[in-house]
Amino acid sequence: MSKAGALTKQSPGKSKYERWQATVDDAVRDARWHEYDCDIQRTVTTFNRHLTGSGYVPLDWRIVKAMIWTESGGPKNPAWKSNPMQIGNEGDPGLRALLFGNEGGELIMPATLRQQLTITSVASTPRKNIEAGTAYLLMRHARYDIRTVRQVDDTRIHTVEVRAGDSLDKIARQNDTTIEILKQRNASSAVLRPGQTLQYQKGRLRKAIVGWELITPASIARRYNVGDSEYSRKLNYCLEVMRRSKPGEPACE
């Protein structure tokens with residue numbers, strides 16, 4: 001991600017951070033700072049519905065809003081109208097890691113969203129940029145491991161006869177199942193004997209989400225933004241401005 005928080009004007013006698021604060025304070029009086037609220041809420045609701053289990057705590061949409069304020073620098077900056085979460089910028093590996101890598105993006109995004117997000121759309125369409133940025137945020141906070149995943153379209157109990165030279169690994173590979181499933185269904189599988197009948201269900205080893213790091217301004221600064229040492233502080237300030245101003249939240253369909 002690019003360095004966040006572009007400044008609109010220089011103010012003598014104030015630090016860079018204080019000048020940035022003055023820019024964000026404009027949000028209280030400028031309705032344009034809230035124009036993406038519905039897009040953010042719809043996006044976060046989609047992910048909160050899709051990601052359940054493994055200790056997932058529903059994401060607060062205001063965190064994403066604070067990120068947009070910080071990343072884009074506000075409505076006066078060009079980034080606001082194209083890529084408000086600054087994902088997909090030239091030289092930024094984040095979007096490619098999400099869409100094409102092996103870092104868990106396919107587990108984070110619903111199938112429909114995976115089909116819609118492209119390098120071009122994310123870099124030029126604010127709503128797609130928000131969707132991709134939120135997905136990347138969540139991908140970077142998930143914990144993964146390789147686990148047995150049972151085949152959902154075939155829940156039947158199958159059987160296989162053990163032959164001379166067989167091992168659980170060989171049987172699993174030949175019958176589209178896993179060693180874990182074979183052990184769970186066959187208490188006597190510790191010692192295999194030719195002629196023995198084993199039960200199994202179809203399943204494979206897959207990367208799976210097994211837990212989550214709590215999403216906080218500090219964790220976002222470590223896992224999402226690069227290059228701004230004040231990022232966590234800025235997110236906290238944006239959230240505080242939102243709490244103080246309490247703008248009327250739109251009725252989003």
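Buried means under 20% relative accessible area, exposed over 50%, and partly exposed in between, with a 1.4 Å probe and protein chains only. Helices are DSSP runs of H or I with at least four residues, strands are runs of E with at least two, and both are numbered from the N terminus. By these terms α8 is mostly covered, with 14 of its 16 residues buried.

This is a predicted model, in which local features need pLDDT of at least 70, side-chain atom pairs count only at pLDDT 80 or more, and totals for chains, interfaces and linings use all residues. Residues are numbered from 1 along each chain as its sequence is written, and side-chain values use heavy atoms, leaving out hydrogens and water.

**Whole chain**

The chain holds 12 helices and four strands. Its radius of gyration is 24 Å, well over the 18 Å that the globule rule gives for 253 residues, so the chain is more spread out than a compact globule. That radius is taken over C-alpha atoms, and the rule is 2.2 Å times the number of residues to the power 0.38. The C-alpha trace spans about 85 × 35 × 30 Å along its principal axes.

Of the 253 residues, 47% count as buried. The chain exposes about 13,500 Å², and carbon and sulfur atoms supply 48% of that area. Areas come from the Shrake-Rupley method with a 1.4 Å probe. Contact means heavy atoms within 4.5 Å. Among contacts with a separation of 6 or more, 73% join residues 24 or more positions apart.

Charges come next. The chain has 39 positive and 28 negative charges, and their mean positions are 2 Å apart. Lys and Arg count as positive, Asp and Glu as negative; His and the chain ends are not counted. Each charge is placed at NZ of Lys, CZ of Arg, CG of Asp or CD of Glu.

**Helices and their packing**

The expected span of a helix is 1.5 Å times one less than its number of residues. Helix α2 (residues 37–50) reaches 20 Å from its first C-alpha to its last, close to the 20 Å expected for its 14 residues. For the 16 residues of α8, 22 Å is expected and the end C-alpha atoms are 23 Å apart, which agrees.

The buried residues of α2 include Ile-40, Val-44 and Phe-47. They pack against α3 (61–72), α5 (105–108), α6 (111–116) and α8 (126–141). In α1 (residues 16–25), Tyr-17, Trp-20 and Val-24 are among the buried residues. Their cover includes α3 and α12.

**Selected residues**

| Residue | Location | Relative accessibility |
|---|---|---|
| Lys-234 | α12 (231–245) | 7%, buried |
| Leu-95 | α4 (94–99) | 2%, buried |
| Ser-54 | loop between α2 and α3 | 40%, partly exposed |
| Asp-176 | loop between α9 (168–174) and α10 (179–185) | 22%, partly exposed |

Lys-234 lies 9.8 Å from Glu-71, C-alpha to C-alpha, although the two are 163 residues apart in sequence. Leu-95 and Tyr-136 are 41 residues apart in sequence and 7.4 Å apart in space, again C-alpha to C-alpha. Leaving aside neighbours within four places in sequence, Leu-95 is in contact with Ile-87, Gly-88, Thr-118, Ile-119, Val-122 and Ala-132.

Two loop residues have positive phi. Ser-54 is not a glycine, yet its phi is near 55°. Asp-176, also a residue other than glycine, has a phi of about 55°.
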